[in-house]
Amino acid sequence: ARKWRAAAEQIERMYGERWRDTKALDPSERTDILRAAIGYALSGESLSLDRFRQKYLALMNAAPEKRMFDVVTAPQDARGSAFREAAKTVSATDTLSAFLRDMHARYPDKSIAPPADAAAPRS
């Protein structure tokens with residue numbers, strides 16, 4: 001739906017104070033952090049992106065995706081093709097089904113179903 005800012009904000013809320021924890025991010029967390037950063041970048045939310053970068057910089061510096069995080073959170077004029085490639089890589093890592101499985105595993109007592117239009121075949 002291209003609601004980049006709203007998606008980024010939701011991920012940031014979902015992780016709350018996780019950025020204060022020194023425990024390394026797991027692969028799923030790293031993917032979510034990259035998605036939030038991309039969401040802020042795509043929506044032009046430079047202040048939110050800078051704040052988010054400051055929060056997660058230490059944790060992402062120790063991650064295999066460090067370079068990708070640096071590219072995604074760089075000032076807008078420094079991005080270019082590296083940003084597009086990073087965004088494509090992150091968006092291809094999980095499908096909607098994988099995301100829903102992960103959410104169900106995290107919150108087993110909640111009913112999580114795909115949006116009504118997600119079940120309809122695309123033409």
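Ala-37, once its neighbours within four places in sequence are left aside, is in contact with Leu-49, Phe-52, Phe-69, Val-72 and Thr-73. In this predicted model, Ala-37 is also one of the residues that touch the most other members of the largest nonpolar core, a set of 20 residues. The chain around that core holds 6 helices and 0 strands, and buried residues make up 33% of its 123 residues.

**The chain as a whole**

- Read from the N terminus on, the elements follow one another in the order α-α-α-α-α-α.
- Among the contacts in the chain with a separation of 6 or more, 58% are accounted for by residues that stand 24 or more positions apart.

**The largest nonpolar core**

- Alongside Ala-37, the residues of this core that touch the most other members are Ile-33, Phe-52, Tyr-56, Met-60 and Phe-69.
- At least two residues of the core come from each of helix 1, helix 2, helix 3 and helix 4, the last of these covering residues 66-73.
- The element that gives the most to the core is helix 2, which supplies 7 residues.

**Aromatic rings**

- A search of the whole structure finds 2 aromatic pairs, and one of them is formed by Phe-52 and Tyr-56, whose rings are tilted at 45° between the planes and lie 4.9 Å apart, centre to centre.
- Phe-52 and Tyr-56 are separated by about one helical turn, because they stand 4 residues apart in helix 3, which covers residues 46-61.
- Phe-52 and Tyr-56 are both buried, and ring pairs link these two residues with Tyr-40 into a cluster.

**Helix 1 against helix 2**

- Two packed helices are described by the angle between their axes together with the distance between those axes.
- For helix 1 (residues 4-15) and helix 2 (residues 27-42), the angle is about 145° and the axes are 7 Å apart, while the crossing in which helix 1 passes helix 2 is left-handed.
- On the side of helix 1, the contact is made by Trp-4, Arg-5, Ala-8, Glu-9, Ile-11, Glu-12, Met-14 and Tyr-15.
- On the side of helix 2, the contact is made by Ser-28, Glu-29, Asp-32, Ile-33, Arg-35, Ala-36, Gly-39, Tyr-40 and Leu-42.
- By residue class, the contact of helix 1 with helix 2 divides into 9 nonpolar, 6 charged and 2 polar residues.

**Three residues, from buried to exposed**

- Tyr-15, which lies in helix 1, has a relative accessible area of 9% and is therefore buried, since the cut-off for that class is under 20%.
- In sequence Tyr-15 and Ile-33 are 18 residues apart, while in space they are 8.8 Å apart, C-alpha to C-alpha.
- Gln-10 has its place in helix 1 as well, but with a relative accessibility of 44% Gln-10 counts as partly exposed.
- From Gln-10 to Ala-36 there are 26 residues in sequence and 8.3 Å in space, again taken from C-alpha to C-alpha.
- Gln-54 is placed in helix 3, and its relative accessibility of 52% is over the 50% cut-off, so Gln-54 counts as exposed.
- Gln-54 and Trp-19 are 35 residues apart in sequence, and their C-alpha atoms are 9.4 Å apart in space.

Definitions and conventions:
Residues numbered from 1 in each chain as written. Predicted model: local features only at pLDDT ≥ 70, side-chain atom pairs only at ≥ 80, totals over all residues. Heavy atoms only, no water. Axes fitted to C-alpha atoms, helices over the stretch in contact; angles between N-to-C directions. Left-handed = near helix turned anticlockwise from the far one by under 90°. Contact = heavy atoms within 4.5 Å. Nonpolar A, V, L, I, M, F, W, Y, C, P; charged D, E, K, R; others polar. Phe/Tyr/Trp six-rings, centres within 6.5 Å; stacked < 30°, edge-to-face > 60°. Buried < 20%, exposed > 50% of the residue type's maximum accessible area, 1.4 Å probe, protein only. Core = buried A, V, L, I, M, F, W, Y, C linked by side-chain atoms within 4.5 Å.
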